[in-house]
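This report introduces selected features of one protein structure to a reader who has not met it before. Please consult the sequence and the structure shown below while reading.

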Amino acid sequence: MRVLLIGANGYLGRFVADRLLADPAVQLTALGRGDDADVRFDLASGSPGALTRFLDAVHPGVVINCAGATRGGARELTRHNTVAVATVCEALRRSGCGARLVQIGCGAEYGPSQPGSSTAEDSVPRPGGPYGVSKLAATELVLGSGLDAVVLRVFSPAGPGTPAGSPLGRLAEAMRRAMQSGDGELKLTGLGAQRDFIDVRDVARAVHAASLSAAQGVINIGSGRAVRLRDAAAVLARVAGYGGALHELDGPPGPLRPTIGHPRAESDHMSHGGHAAHPGHASPAAYPYPDGCGSWQQADVRTARDRLGWRPRINLEESLGDIWMEAACRI
């Protein structure tokens, strides 16, 4: 099976590439903006015609799009998350390859949900910020394209490679600094939010399964369990061997109050999975939930189980252990 992976150098994309390369039946080609891509192409500025010519030459059976941006202003997010996907869809429509499209979406497309509830694929999306809006627009383009396509709405990825700008990445970095300086107290804000964390390796398994399946439409990829960031912090402290006190502070973050409520950066999520992370900062006005998802998010993952035969395998403690190992190496 010939697979074209877009965004292979991003946070999720690296693990998707590893998963596909481990399958001897897959012939993988990576397309991206970096020098190490098999083919250099910028979806945000490249033309559909140029991409069509490449698709006709390579003739992939599956195209996986992990590219995008998680940070920046509305214009940048739209360009990398929406216009880029429009280019992919148009190129696939023009091409004679007939490839299946696997698009990486995100839980931020849903926006805030009722505490205690699980968000299913038929929930009405109400994104609470420009990132979620740009990703939702991309999903609508894919669903309306007429292509053989599936959108995997990934909730909050965690595990090795977690960006320092993500909630768990910020938490690990704050704990590393506290341990390095011998601080007996760690003061943090933004610990009240509850998110559905899913290990990046489980996400890669889901992408692999989706590429082999005939499933179409939207499929949630998450753990199915919301975890309070305060509880994740306690687990990380135990994993790290940090014996100090964790104090949650109210109010906006300051020099001694690192917040961990910022949206994840997907590195070529630009990042997601390939979405590329771009420089930029979350708007202070969006505090304390700059990802636009409110205080609670939990995925209903029954569709992934039923249509992909997929279930999460890696628990949050293991994901946090890997995050801490990488942070500890910076001591």
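## Nonpolar cores

In this predicted model, the largest nonpolar core comprises 34 residues, and I64, L152, I221 and L308 are those with the most contacts inside it. Helix 6, which spans residues 200-212, gives the most to this core, contributing seven residues. A second core, separate from that one, has 29 residues, including L31, F54, V142 and A299.

## The surroundings of L152

Neighbours within four places in sequence are left aside here. L152 is then in contact with V102, Q103, I104, G105 and C106, with A206, V207 and A210, and with I219, I221 and L308. Among these partners, I221 and L308 are also listed, together with L152, among the residues with the most contacts inside the largest core.

## D291 and its polar contacts

D291 is situated in the loop between strand 14 (275-276) and helix 8 (302-308). Its relative accessible area is 18%, so D291 counts as buried, the limit being under 20%.

The side chain of D291 takes part in a polar contact of 2.9 Å with the side chain of R195. The D291 side chain also reaches the backbone nitrogen of C293, at 3.1 Å.

## The backbone at H59

H59 is located in the loop between helix 2 (48-58) and strand 4 (62-65). With a relative accessibility of 40%, H59 is partly exposed.

Most residues other than glycine have a negative phi. The phi of H59, in contrast, is positive, near 55°.

Conventions. Residues numbered from 1 in each chain as written. Predicted model: local features only at pLDDT ≥ 70, side-chain atom pairs only at ≥ 80, totals over all residues. Heavy atoms only, no water. Helix = DSSP H or I, 4+ residues; strand = E, 2+ residues; numbered from the N terminus. Buried < 20%, exposed > 50% of the residue type's maximum accessible area, 1.4 Å probe, protein only. Polar contact = N/O pair within 3.5 Å; in protein donor to acceptor, adjacent residues only side chain to side chain. Core = buried A, V, L, I, M, F, W, Y, C linked by side-chain atoms within 4.5 Å. Contact = heavy atoms within 4.5 Å.
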